[in-house]
Amino acid sequence: MDGNVGRYEFQSEAKQVLELMIHSVYSNPDIFLRELISNASDALDKLRIEKLSNEALSEESSNGRITVRIDSANRTITVSDNGIGMSRDELISFLGTIAKSGTKEFIAAMSEASRGNGDLIGQFGVGFYSSFIVADRVTVDTRRAGSAESWLWESSGDGTFSIGPGRREVCGSDVTLHIKEAEKGDADSPAEAKDYLSKWVLREIVKKYSDFVSYPIYLEERGKDGGDKGEDGEKEPVNSMKALWIRPESSVTDEEYNEFYRHVSHDWEDPMERIVYRAEGTSEFHALLYIPARPPLDLFYREGAHGIELYIRRVFIMNDCRDLIPEYLRFVRGVVDSEDLPLNVSREILQQDALTAMIKRSVVRKVLDSLKKMKSDRPDDYKKFWGMFGEVLKEGIVSDVKNRDAIMKLALFSSSKTGQTSLEDYVANMKEGQKSIYYISGGKSASLVDSPKLEAFSDRGLDVLLMGDPIDEIWLASVREYEKHVFVSAASADAEIEGGASEAKAEPPGDGAPDDSVASRLKEAMKGMEGFAAIEDVRLSSRLVDSPATFVQKGEAISAQMRNFFKSMGQEAPPEHKILEINAAHPLIKKVSESDEGALKDWAVLLAGLACIADGEVVENPRAFARTIEKLLASS
Ligand code: ADP
């Protein structure tokens, strides 16, 4: 072995992904070629962009090309590009680690899925490692643009890789896959399923997955005599290199559009929605945008990918272009191709550029319009969309004041009566006399629906929106109404319950029911008791029907969840003003009213604890609460 050869361990996550590649069976092993060609195309983009600002690279070739070379005698496929290449350090970090957020989740999901799951791989876009689906050994011979050294990376995917001197004489990379021998009789083996050393097979795969790649892809075959046949009559590139977004929509098939989606999104499935758009006027651009049929794993990561690629007059400029689409539409994937921006635009310039801001505005409007259309034309699809991305879209209610109304019209909410509703339908279905929009927040929708605070509302046939997402409380803090209907928290002490009298047959408290004095006696008993400082008052409730007690909030309703959020941000939450409401018609409260002052303190602990638990919160002092229950049960 050469003295220069070093052996390295893969980072542990990379090792796990490799394991999965090698031992799992994929519904579609063909993706390896799509991934390698995509990397080659990225490498060519990078070189082109780096050349703009680095004169030292002016010598490097400007004619970007990708070659796929088959050598059946040696059972290899080599994907070559004359792009940016990799230095020794880059080889170690780019091919030895996985830097993507969501990797851990990906591995867990993959290991859970019985046998390998091609869908998940597609979604995660493991890229280079997918080589090991079909190959048992991979080498990368590469030279970084501007460097005089070449390096040869090599691995059998067994946990380690080696790096030694390479042979490439110009910048770029040759990625060579040593195709696995078909395991005889194993129909699941990728090599058994398809002959990847056949030119026809590879041509089909390239055409299918990589037709729109903007560099020519040549397919070559090493002759059986062992000598290079060169381009052997294959001077034509396999791919058409046509920018899909420029072509009239009628001339592009669904399959072509979907394939392009997979290219930009690394998703495996077809998208849920496609938006083809051409803007004319002050700013001219084409956009081809998609809404995925499934949320990406990194949807809730700060550094998660934004899905828009920027092209300028058909030339790729950058991916992950955050200035073209706001954070709350980060699930949208696709391409924007501007006719007006200068080719040497940088991220810094984009940030302050008026033209970019204009493109962004019109992209946002277009996406929101498409969603509106989907909502009215394909309500079932829209519900699915909302289930996946609604929580993200709602961030826009806070961050995009200009489009706030449009986003609120798109929102769907769980609700106590109808299951799910839009604000528009909520208002249309209001009861006579009802003007406010009732909601409850602070917890998951599934537990909110059981809150005692909703009893009087359900009793009167009033629908209450279950604001179960953390973002709901954030936007509710600044948005007070929808089309002149005020949002009113069912947990607010001042909530006036409009919409007529109780529909329940429940007996009114009637004669013999405790009067106000039980509330004031309880309040008196609580004075000075530990953990009761936040309870400002005790009063008879008009909202409880079946439960003995509940807490309501004076002033701004801030849930326990929101308080925790403040705490986690190191901020002081606004002080709490709680009122304990008790239900005079409940047998337990009758019992309380009959007990002497000594027992009242125990009842106070019990009622406050029960109210907490019914709200899905944790009792402040569980030990004392349990002891009080034991005591009360023993004495009854
Ligand atoms: P991804 O392409 O999603 O980043 P990959 O695992 O496919 O993930 O590749 C990891 C990194 O290795 C790439 O981001 C790129 O920097 C580098 N790389 C891969 N293939 C090439 C290539 N042909 N030329 C230059 N760099 C490459």
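1. Let's start with S541, which counts as buried because its relative accessibility is 16%, and the cut-off for buried is under 20%. Keep in mind while reading that this is a predicted model. As for its place in the chain, S541 sits in the loop that runs between strand 20 (535–540) and strand 21 (549–553).

2. What does the side chain of S541 do in that loop? One polar contact goes to another side chain: S541 and E581 are joined at 2.6 Å. A polar atom of the S541 side chain also lies 3.2 Å from the backbone nitrogen of L544. Leaving aside residues up to four places away in sequence, S541 touches E581 and I582. So if you click on S541 in the viewer, E581 turns up both as a touching residue and as the side-chain partner in the 2.6 Å polar contact, since contact here means heavy atoms within 4.5 Å.

3. Next, N239. You'll find N239 in the loop between strand 8 (217–221) and helix 9 (254–265). Is N239 buried or exposed? At 4% relative accessibility, N239 counts as buried.

4. Which residues does N239 touch, once those up to four places away in sequence are set aside? They are S210, D211, V213, Y215, P216 and I217. Take D211 from that list: D211 and N239 are 28 residues apart along the chain, yet their C-alpha atoms are separated by 4.4 Å.

5. The N239 side chain also makes polar contacts with backbone atoms. With Y215, the partner is the backbone oxygen, reached at 2.9 Å. With I217, the partner is the backbone nitrogen, again at 2.9 Å. Y215 and I217 both belong to the set of residues that N239 touches.

6. Now for a sheet. This one is open, has 5 strands in the order 9-10-13-11-12, and its pairing is mixed. Strand 9 (273–279) and strand 12 (315–318) are the edge strands, each pairing on one side only. On average, neighbouring strands in this sheet are turned by 20° against each other, direction ignored.

7. Zooming in on one edge, strand 9 pairs with strand 10 (residues 285–291) in the antiparallel sense, over 7 bridges. If you want a spot to look at, R278 stands opposite H286 in strand 10.

8. Finally, what packs on this sheet? Helix 11 (residues 354–377) does, touching strand 9, strand 10 and strand 13 (333–338). The direction of helix 11 makes about 140° with that of strand 9.

Terms used
Residues are numbered from 1 along each chain as its sequence is written. This is a predicted model: local features need pLDDT of at least 70, side-chain atom pairs count only at pLDDT 80 or more; totals for chains, interfaces and linings use all residues. Side-chain values use heavy atoms; hydrogens and water are left out. Helices (H or I, at least four residues) and strands (E, at least two) are DSSP runs, numbered from the N terminus. Buried means under 20% relative accessible area, exposed over 50%, partly exposed in between (1.4 Å probe, protein chains only). A polar contact is a pair of N or O atoms within 3.5 Å; within protein, one must be able to donate a hydrogen and the other to accept it, and residues adjacent in sequence count only if both atoms are side-chain atoms. Two strands pair if DSSP finds at least two bridges between them. Axes are lines fitted to C-alpha atoms, for helices over the stretch in contact, and angles run from 0 to 180 degrees between N-to-C directions.
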